[in-house]
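Biologist: I am new to protein models and would love a close look at one part of this one. Please choose a spot, start from a single pair of residues, and work outwards from there.

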Amino acid sequence: KVRNTLRYLLSNIDPETPDLNIEEVPGHTLDAWLLARCEELRVFVCEALNSYEFRKAHLALFDFCNDTLSSMYCVAMKDRLYCDPASSTRRVRSQAVMRHVAEQLCKLLAPILPHTADEAWRAMHGDEGCVHLETISATPTVEVDPGWDRAMLLRDEALRALEHAKETGVEKSLDAGLILPEADQNLEALGEDLKDLMEVSRLTFSGQHIRVEDLRSEPACERSWRRDGTVEERPNGSWLSDRDWEAVRGQDASE
């Protein structure tokens, strides 16, 4: 599991991605949330290793790969990594954050999985690098929007609601929108990242309980499968959202 998580991170890191000052990652983004979790992991694992509590360190690393990354962050990032224009701000930012997290993981895994950690490190830094010669430094402090704590709780409820929606024929989460409680409208500040976390095509706020909106009657983007209300037939004959049409036009121009 750990190896596959590293493979996923490495496969989405573009060597041409410009360096990014981690401290400048906006606090309302899921990237900032991940950086904070990464720093918590570093502190916990280092303390466990220094106390010779190796099982605690091993379990923390596994849970981070399995839950924080694979089940949550990586799933939420798929849409932008695969469908955003290659140079889009949020795509480049997420790639830079994934690179930082991959580097931290390699350093923390080095005493436990020495060959896997060094193999992944060399994939990022070339054959002359060696993770066992690196020091484990802290992740720069990023101020994270406190709304993410509430968003994570809502996500669990939303996934249950989407599971129940399958009984009415809404099999895919991207065929649905979520109506979140009006009391949580302050979470709008989390922007598109909140929608990506919920894995749905649309988010609105109304009422007192989470509800699922069936969007199957609306056109789906042929590229991202989202039904975000901007999908229409384009000059090339494809049905694409505004975002995906921009990306396709950019690809055509570069060719």
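Modeller: Let's start with Leu-180, which stands opposite Phe-205 in strand E2. A word on the ground rules: this is a predicted model, in which local features need pLDDT of at least 70 and side-chain atom pairs count only at pLDDT 80 or more, while totals for chains, interfaces and linings use all residues. Residues are numbered from 1 along each chain as its sequence is written, and side-chain values use heavy atoms, with hydrogens and water left out.

The names E and H come from DSSP runs, numbered from the N terminus: strands (E) have at least two residues, helices (H or I) at least four. Strand E1 covers residues 176-180, and four bridges join it to E2, the two running parallel. Two strands count as paired if DSSP finds at least two bridges between them.

Stepping back, we find an open sheet of three strands in the order E2-E1-E3, with mixed pairing. E2 and strand E3 (211-214) are at the edges with a single partner strand each, so one side of each has no neighbour in the sheet. From one strand to the next, the twist averages 30°. Helix H6 (residues 147-165) packs on this sheet, where it touches E1 and E3, and its direction makes about 135° with that of E1. For such angles, axes are lines fitted to C-alpha atoms, for helices over the stretch in contact, and the angles run from 0 to 180 degrees between N-to-C directions.

Now zoom in on the edge strand E2, residues 202-205, where Leu-203 lies. Contact here means heavy atoms within 4.5 Å. Setting aside neighbours within four places in sequence, Leu-203 is in contact with Leu-178, Leu-180, Leu-194, Lys-195 and Met-198. So our starting residue, Leu-180, turns up again in that list. Asp-242 is 39 residues from Leu-203 in sequence, and their C-alpha atoms are 17 Å apart in space.

For a helix to set beside the sheet, try H1 (residues 2-11), whose buried residues (under 20% relative accessible area, 1.4 Å probe, protein chains only) are Val-2, Thr-5, Leu-6, Tyr-8 and Leu-9. They cover an arc of only 160° around the axis, judged by the directions from the helix axis to the C-beta atoms, which puts them on the same side of H1. Arg-7 and Ser-11, on the other side, are exposed, meaning over 50%. The buried residues of H1 pack against helices H3 (54-83), H4 (89-109) and H5 (114-125).
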